[in-house]
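Dear colleague,

Please find below the structure that I am handing over to you, together with its sequence. My notes on it follow directly after.

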Amino acid sequence: MSDQQYSALAKELSQWHQEHLLTFWKELTEDERNGLVDSISSSMDCATLDEAFKRAMATDTSAKEDLNEWLRPLAKDMLLSVDDTTDAELQDFRQLGLEQIRLGKVGVILLAGGQGTRLGSTAPKGTYNVGLPSGKSLFQLQAERIRRLQQLAGEGARIRWYIMTSEHTHTETLEYFRLNRYFGLPAEQIRMFRQRSVPCVDFEGRIIMDQKWKLATAPDGNGGIYRALKDEGILDELQREGVRYLHAHSVDNILIKVADPVFIGYCIRKEADCGVKVIEKIKPDEAIGVLCEVKGKYQVVEYSELSNESANRRNPDGKLTFNAGNICNHFFTTEFLRRIAETVLPLHVAKKKIPFIDTADAEATRGQSIKPGKPNGIKMEKFIFDVFPLAERFVALEGRREEEFSALKNADSVGFDCPSSVRNDIYRLHRKWLLNAGALEVTQSDNASDCEISPLLSYAGEALEKITASKSFHCPVHLMADDEEQQNK
């Protein structure tokens, strides 16, 4: 960088009170200087960052409207529970979904920008091995569900898989898929793209430095999907490929029914442009948001926003009134995504303890890497559900928790939403599959409850009758597809 270019950069940063980013310029090598300039230029420009910070802080510090007096449960005509649906109706939805998959009109968007920090890992969360007998990661389980679903849909079926990574997970995710030969899917069927990262700032809006030559950044939340789809050319690609319907979900739900044909078929049958799959919230204090109607619009209300009265309110049948638990499981039409791509979404503030390089003048700490003991800055995030009020035709489907949702978020020491809990949820579900398919019994011992059925053998419990009819199973049980058994010999 020439002296003239450096002066122009310094002037620009000073104008926006970000001059501290050049504190260590004289100490840096040429490569480090280039890295710092790249880090600054790849982040949003100072004016945009300043506007975003002011908007986020104004939202965070303003007196929030108490939504509780406006809350209404979802209308019956837009929420369908699979438990209240006939087998014939479910089969109709399923066949419609499978038909659209066979025609190549269905894609999947996987939200995979997070790391397994709370799991004790810095690797992409999708690579995490929870300790199943097969040793399969979250990515592999989901890839194999796609492969099995394509078989069920019929010859020529192809589900395009769009994986949204982040600055922190992109390269490692690409390499992980390459080393594992894309888990049996054609490489060209998988498209990875990055969500944007935004600088972390202190409570005054000054960018935090992660290294002397690098800014501290964080992904812009799962609501970053909309901007990323446009910026990365995915929306144009969807149109070219004829993909009309998208299933979007987070990576950490080990029971996720990827591209669930029942969910897709239901949304299509209802002519929805935006749909949500929910589970019944049973405990008032469960830390999940709920889908509600607020002033005639549908939105997710976070559990922290519910008053004690609202959270505990019950219907005459004993169920919670606000019980449509949000699990980040969504349906969109491609047309809807194109329509809202430019929408300016609310910015949510997450106050965090962000490690930083001290740029202060005090010689005792200047240049040192510091891990704060309390929140010292904010990450600005967007939420995927903030577009729900923009839907012209919005619907929801309530699935069964034991079949649909088990989140991997914490280390085993926490005791829930952890490797041992998600393993046990899979074991329980797969034992149920065996019994439903005609097994005489599935017995467990004090030492073994393991029961795993490969997604390549069964997507949702189907096609097990020949294996299970009139047979008894004793855990541990690990059932694989024929080609898997051959590979493992």
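Which residues does Glu 293 touch, not counting residues up to four places away in sequence? Please keep in mind while looking that this is a predicted model. The residues that Glu 293 touches are Trp 70, Leu 71, Arg 72, Pro 73, Leu 74 and Tyr 298. Glu 293 itself is part of strand β13, which covers residues 290-294. Its relative accessible area is 21%, so Glu 293 is partly exposed. For a sense of scale, Phe 193 is 100 residues from Glu 293 in sequence, and the two C-alpha atoms are 33 Å apart in space.

Two of the residues touched by Glu 293 return in other arrangements. Trp 70 has Lys 295 lying over its face, at 4.7 Å from the ring centre. Tyr 298 belongs to one of the aromatic pairs, of which a search of the whole structure finds 16. The ring centres of Tyr 298 and Phe 394 are 5.4 Å apart and the planes stand at 15 degrees, so this pair is stacked. The two residues come from distant parts of the chain, with Tyr 298 in strand β14 (residues 297-301) and Phe 394 in strand β20, 96 residues apart. Tyr 298 is buried, with a relative accessible area of 17%, and Phe 394 is buried as well, at 6%. Elsewhere, Phe 139, Trp 161, Tyr 176, Phe 177 and Phe 183 make up one aromatic cluster.

Strand β20 also leads to the strand pairing. β20 runs parallel to β12, and six bridges join the two. β12 pairs with strand β15 (residues 324-333) as well, in the antiparallel sense and again over six bridges. Gly 275 can be followed into both pairings: its bridge partner in β15 is Phe 331, and in β20 it stands opposite Val 395. Because six of the seven residues of β12 are buried, this strand is largely enclosed by the rest of the structure.

A further sheet is open and has three strands in the order β7-β19-β16, with antiparallel pairing. β7 (201-202) and β16 (348-352) stand at its edges with a single partner strand each, so one side of each has no neighbour in the sheet. Two bridges hold β7 and strand β19 (residues 377-381) in their antiparallel pairing. Within it, Asp 202 stands opposite Gly 377 in β19.

Turning to charged side chains, the count of salt bridges comes to 29. Arg 400 forms one of them with Asp 83, and the closest N and O atoms of this pair are 2.6 Å apart. This salt bridge links distant parts of the chain: Arg 400 is in the loop between β20 (394-399) and α12 (401-404), Asp 83 is in the loop between β2 (79-81) and α4 (87-102), and 317 residues separate them. Arg 400 counts as partly exposed, at 26% relative accessibility.

Lys 136 and Glu 144 form another salt bridge, with their closest N and O atoms 2.6 Å apart. Both Lys 136 and Glu 144 are buried. In a third example, the side chains of Asp 273 and Arg 339 meet at 3.3 Å, N to O. Asp 273 lies in the loop between α9 (261-269) and β12 (274-280) and Arg 339 in helix α11 (residues 334-339), so this salt bridge ties together parts that are 66 residues apart in sequence. Asp 273 is buried, with a relative accessible area of 11%, whereas Arg 339 is partly exposed, at 41%. Salt bridges that share partners also join Asp 83, Lys 257, Asp 260, Lys 277, Arg 400, Glu 402, Glu 403, Glu 404 and Lys 432 into one network.

As for the overall layout, the protein is divided into domain 1 (1-43), domain 2 (45-409) and domain 3 (418-488). The C-alpha centres of domain 1 and domain 3 lie 58 Å apart.

One last residue may be of interest. Thr 468 is found in helix α14 (residues 465-468). Its relative accessibility is 0%, so Thr 468 counts as buried. Apart from neighbours within four places in sequence, Thr 468 is in contact with Leu 434, Ala 437, Gly 438, Ala 439 and Phe 473.

With kind regards

How values were computed
Residues numbered from 1 in each chain as written. Predicted model: local features only at pLDDT ≥ 70, side-chain atom pairs only at ≥ 80, totals over all residues. Heavy atoms only, no water. Helix = DSSP H or I, 4+ residues; strand = E, 2+ residues; numbered from the N terminus. Buried < 20%, exposed > 50% of the residue type's maximum accessible area, 1.4 Å probe, protein only. Contact = heavy atoms within 4.5 Å. Domains from an automatic or database assignment. Salt bridge = Lys/Arg side-chain N within 4 Å of Asp/Glu carboxyl O. Phe/Tyr/Trp six-rings, centres within 6.5 Å; stacked < 30°, edge-to-face > 60°. Lys NZ or Arg CZ within 6 Å of the ring centre and 35° of its normal. Pairing = 2+ DSSP bridges.
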